[in-house]
Amino acid sequence: MPPLSPMILNELAPLPLDLDDSDRSEKGEKQPSIHQYEHVVESASSIYQADVDAERRLVRRLDMRVIPASMFLYFLCCIDRFNIGNAKILNSDTGDSLAQTLRLSDHQYLIALMVFFIAYAIFETPSNYLLKKYRPSRWLAFLMLMWGAMTMIIAACQNFASLVALRFLLGAFEAGLFPGIVYCLTFWYKPNERAVRVALIVACATLGGAFGGAIAFAVGKINGARGLEAWRWLFIFEGVPCCVCAIFTYFIFPDYPETVTWLSPEERELATERIRGVASLGHHKLTWKEARETLVDWRLYVHYLLFIAFSVGFASMSMFAPTIVQGLGYEGLSAQLFTVPPYAIGFLVCVAVAWVSDRYEMRALGAAFSFFVCAIAFLIEALLPPTAFVARYGVLCVALPFAFAISAPCLSWLTANLRNTGATTLAVPLNVSIATIGQITGTFIYKSSEAPAFPTGHYTNAGFMFAGAAFALGLRAFYVRRNRELAMGEPRWRM
C-alpha cells in the first residue's frame, strides 16, 4: 500500500519547568494532568528540537513498515475470529453446515461464542505484559502460530464439547493481538497521529468480514471434497496462512524505535525523542505505583464504558451478520455473498471517521456521531416491517459500518489521555478486557426464534449506542471543564 500522509502537527507547546512532586506541593502548583508536548521534548535535562521535515520523512517510513504489518496481522485474526458465523450457515440448504453437522442447538452455539470472549477477557492484560517482556515480534508471532493452529484443529471437531474447548483456546491466543498492536503504536506515534492509523487497523476487521464472506462463498462450492464438509475446509484454509505468516512476523515485525535496524542512528534518535513525554518508550518498565494510579483513575472507567457500548454492536454484527442476512431472504451461498457489501462500506467509513477525528481533534465528537448514527440505524431496523427486506438490508449497510467505526476514535482518545508508558501498558488491555461484557451481551441478543425481524437484537443495540453517545459527550464536557481549570503552560487534556 502507498505511504500514508502524516497528520499536520500541532503548534509548539510551552515546556513547563521540571519540578519534582515536593517542589510542586510547596509552591502550591497543580500537577500536569497528562505529559503531552508537541515537538519540544525534555530529555536528560536537555531540550530536543525535532526538525519538522525530518520528522515528516520519518513518519512516512514508519507508515510503510509499522502500519501495513499491523493491518495484515489483524486482518488474518479477524478472518479466523468471524468465520464461525459463516460456518454456522454454510451449505445449510444441503444439511452440511457446522450447526447441522455437530447438531448444535441455538443455545449451544451461543455458548461456543461466549467462551471465546471469556478467554479473551482473561488473557488480554497478561498478554500485553508478556509482549513487553518478550518483544512484540516474538510474542505476536507466537500468538499467531497458536491461533492459526487452533483454527485448523476446529476443522476436526466432532461434537459440541470439542468446539467449546477449541474456541476457548482460540480466544486465549487471539486476545493479545489487538491490544498489543494498539500498545505498539504508542511506541511509534504521537497522540494526534494515532486515530487514522488505529482506524486503518480496525478497518481490517471489516475487510476480514468481507473477505470471510467471499471465501466462504467459494469454499462452499467444494462441499464434500475428500469426504469433508465445506465448513471444515473453511477453517483449514483460513488457519494455514496464519501459521505461515507467524514465521515472517518473528523476523519482520518492528519492535521499538530504540532497537530497529532499518532506521539510521539519527532516525532512531528522532523516533525516540519525538515521543518522549507524549507516548510510550520501549525500555520503560511498568511499576506498581503507575499500576495503582491507573486502576483508581475513575475517568478511565468512563472510557471503558464507551468501549462496552461499542462492543455490543461490534460483536453482534461480527458473529451474526450472515444470520441476519439469511433472515432477510437470502439463502445458501447467497447469504455469504451478501455480507460483503456492508463490510466493504465499513472499511471506508472507519477510515473517514478516524481521519476527521484526528485531523480536527474531534475524537469525542467522532465517537459520539458514530454511536448516534448507529443507534438510529438499529432503531429503524427494528421498526421496519419484517418483510421489508430491501429497506432493512440498506439500513444494515449503514448500521454495520458505523458500529465498527466507533472503535478508532475511542481508542485514540483513550491513549491520548494516558499519562505514561505504564498507564498505557495496563489501560489499553483493560479497556478491551472490560469491554468483553459488551461482547458477551452481543452474542445473546440475536435469537434465531425471532428471525427475520430480530427485534431484541436491534433494540438492544440501539439502546447501547444511544448510551455510548451520551457517555462520549459527557466525558468530553468533563475534559473541557478540566482544561479551563488548568494554569497557563500546563498540558491540556485531548479531545
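Phe-75 is buried, with a relative accessible area of 16%, where buried means under 20% relative accessible area, exposed over 50% and partly exposed in between, with a 1.4 Å probe and protein chains only. The model is predicted: local features need pLDDT of at least 70, side-chain atom pairs count only at pLDDT 80 or more, and totals for chains, interfaces and linings use all residues. Residues are numbered from 1 along each chain as its sequence is written, and side-chain values use heavy atoms, with hydrogens and water left out.

Phe-75 belongs to helix α2, residues 52-89; helices (H or I, at least four residues) and strands (E, at least two) are DSSP runs, numbered from the N terminus. With neighbours within four places in sequence left aside, Phe-75 is in contact with Cys-204, Leu-207, Gly-208 and Phe-211, contact meaning heavy atoms within 4.5 Å. Between Phe-75 and Val-202 the C-alpha to C-alpha distance is 8.7 Å, although 127 residues separate them in sequence.

The protein chain holds 20 helices and 2 strands. Of its 495 residues, 58% are buried. Among contacts between residues at least 6 apart in sequence, 82% join residues at least 24 apart.

Helix α4 takes part in two of the packings described here, one with α2 and one with α6. Axes are lines fitted to C-alpha atoms, for helices over the stretch in contact, and angles run from 0 to 180 degrees between N-to-C directions. Angles under 35 degrees count as roughly parallel, over 145 as roughly antiparallel, 65 to 115 as roughly perpendicular and the rest as oblique.

The axes of α2 and α4 cross at roughly 180° and come within 12 Å. α2 is therefore roughly antiparallel to α4. In this contact, Arg-81, Ile-84, Gly-85 and Lys-88 of α2 meet Tyr-109, Leu-113, Phe-116 and Tyr-120 of α4. These residues divide into 5 nonpolar, 1 polar and 2 charged; Ala, Val, Leu, Ile, Met, Phe, Trp, Tyr, Cys and Pro count as nonpolar, Asp, Glu, Lys and Arg as charged, and the others, Gly among them, as polar.

Helix α4 (residues 106-134) packs against helix α6 (residues 160-174) at an angle of about 30°, the axes lying 7 Å apart. The two helices are therefore roughly parallel to each other. Residues making the contact include Ile-111, Val-115, Phe-116 and Phe-123 of α4, and Leu-163, Val-164, Phe-168 and Leu-170 of α6. The contact residues divide into 15 nonpolar, 2 polar and 2 charged.

Two further buried residues have side chains that reach backbone atoms, as tabulated below.

| Residue | Relative accessibility | Backbone atom reached | Distance |
|---|---|---|---|
| Glu-381 | 1% | nitrogen of Leu-396 | 3.3 Å |
| Thr-443 | 0% | oxygen of Ile-440 | 2.6 Å |

Glu-381 is found in helix α15, residues 363-383. Apart from neighbours within four places in sequence, Glu-381 is in contact with Arg-392, Val-395, Leu-396 and His-458. Leu-396 is thus named both among these contacts and as the residue whose backbone nitrogen the Glu-381 side chain reaches.

Thr-443 lies in helix α19, residues 436-444. Not counting residues up to four places away in sequence, Thr-443 touches Leu-110, Leu-113, Phe-117 and Phe-320. Leu-113 of α4 also appears in the contact with α2 and in the contact with α6.

Terms used: A polar contact is a pair of N or O atoms within 3.5 Å; within protein, one must be able to donate a hydrogen and the other to accept it, and residues adjacent in sequence count only if both atoms are side-chain atoms.
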